[in-house]
Amino acid sequence: MRTAITLFFLISLLCSSLSAATLTQAQKDQLKTLLPGVTLSDSTIEKLEDVFYTRDMPVRSRLKAISQMVGLDQMPAGSTLKRTICIWDIGGRNGPVFNAAMEQRALAVEYGINLDMVPYTNETVMVEEFKAGRCDAALMSGLRARQFNLYSGSVDAIGAVPDDQHMQTLLQVLSHPKQAGHMVQGDYVVMGIYPAGAAHIFVNDRSISSLAKAAGHRVAVLDYDQTQAEMVAAIGATPVTTDIVSAPNKFNNGQIDILPAPLVAYEILELYKGMSPDGGIVDYPLTQLSMQLIGRLDKFPNEVAQLIREASFEAYPMVMSRIEQETKRVPDRWMINIPEKDKQEYEVMMQDARDALRGQGYYSGDMLTLQRKIRCKFNAARSECSITQ
């Protein structure tokens, strides 16, 4: 256990000087006596700082280099530090999310941390278990993460991230040490944010291809989010309260007409059943969804979480590759092309919704501002880019 705790302590010391970019003399003195029988020279400590702060090396390489420099790799293997990570995956132990998480578990094991991965098919139950302290960290949807961190939980803001290029840029910014202060809220810390693909509108009738045509139809809204119901009612549609597990079945059984969902859900949740024979998918993304790993701050100090966040972003290409594999399973015949004027209607509606929800404290103003800056970076001609917020 000492090996793992020593590495945690070492990283914490190095991270604690992020704003100053150098260790204080007191911190250096702590490092010099960290390992029994080992004396770290000032030059070694300076090398440690260089390795930690570099952005040119992958996290795995940096951890290994730090371990070797202070002799952690030579210490006898003792008991490991154990942490319980709860994973939400509708597919349970055989689901794609859980299997991907198990692959990442190997990195932690290398550094003396034993991660006990526990799958949950019901996100509501998992979140309650996490709140009760039975999980040290939990992987959940960005929509759920909002209750633990408003800033990161606003990543999924409606219409705020137009495509995966914008999403990649946003997650790259959020993994930078300069964002570390935003990643702690109360007793919780954001340990990683992963892309989950674009959310589209699945309909059981292709004629429901615009906001105006949604009026009078039944729309699935999440039971824990009253705001969704209010937005649906505002366009004249009928909100049907449900949860993530039940919503696909209700759509497939004809109990609801409209289901917002990621394309990756098409085959896994058999949504083609609900669309058959005359339905489809509106070819316009409402937002880019995320999965977020939220930890208990007393189990994962923000300094340790920072390296995990960086490692999470390094996994971006792998995660996107898997998402693309799933989205390719959606036949083109299901896609409903909509006129440019309808897309503009969607954009205006979503902008108005973001502004209103920002005022209600539902979304983080800081996150919405960051997302706007990224949209303007990709397209400075957008009307919103001339507005100072």
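Two strands pair if DSSP finds at least two bridges between them, and helices (H or I, at least four residues) and strands (E, at least two) are DSSP runs, numbered from the N terminus. The views below come from a predicted model, where local features need pLDDT of at least 70, side-chain atom pairs count only at pLDDT 80 or more, and totals for chains, interfaces and linings use all residues. Residues are numbered from 1 along each chain as its sequence is written, and side-chain values use heavy atoms, with hydrogens and water left out.

**View 1. Strand S9 and its partners.** S9 covers residues 280-296, and 15 of its 17 residues are buried (under 20% relative accessible area with a 1.4 Å probe, protein chains only; over 50% is exposed, and in between is partly exposed). With strand S10 (residues 335-336), S9 runs parallel, joined by 2 bridges; look for Val282 opposite Ile336. S5 pairs with S9 too, antiparallel this time, over 13 bridges, and here Phe202 faces Ile281. Strand S3 (residues 137-141) is also antiparallel to S9, with 5 bridges, and Ala137 has Gly295 as its bridge partner.

**View 2. Two tyrosines, ring to ring.** Tyr284 and Tyr346 make a stacked aromatic pair, 5.3 Å centre to centre with 15° between the planes. (Rings of Phe, Tyr and Trp, using its six-membered ring, pair if their centres lie within 6.5 Å; planes under 30 degrees apart are stacked, over 60 edge-to-face, the rest tilted.) Because Tyr284 sits in strand S9 and Tyr346 in helix H16, the pair ties together parts 62 residues apart in sequence. Both tyrosines are buried.

**View 3. Around Met140.** The largest nonpolar core (buried Ala, Val, Leu, Ile, Met, Phe, Trp, Tyr and Cys residues joined through side-chain atoms within 4.5 Å) has 77 residues, and Met140 and Leu174 touch the most other members. Strand S5 (residues 188-203) gives the most to this core, 10 residues. Setting aside neighbours within four places in sequence, Met140 is in contact (heavy atoms within 4.5 Å) with residues including Phe130, Phe148 and Met291. Ring pairs also link Phe130 and Phe148 with Tyr188 in a cluster.

**View 4. Helix H17.** At 1.5 Å a residue, the 14 residues of H17 (365-378) should span 20 Å (1.5 Å times one less than the number of residues), which agrees with the 20 Å between its end C-alpha atoms. At the N-terminal end, Ser364 is the cap, with a side-chain oxygen 3.3 Å from the backbone nitrogen of Asp366. The buried residues of H17, among them Met367, Leu370 and Ile374, pack against helices H8 (164-174) and H16 (340-359).

Notes:
A polar contact is a pair of N or O atoms within 3.5 Å; within protein, one must be able to donate a hydrogen and the other to accept it, and residues adjacent in sequence count only if both atoms are side-chain atoms.
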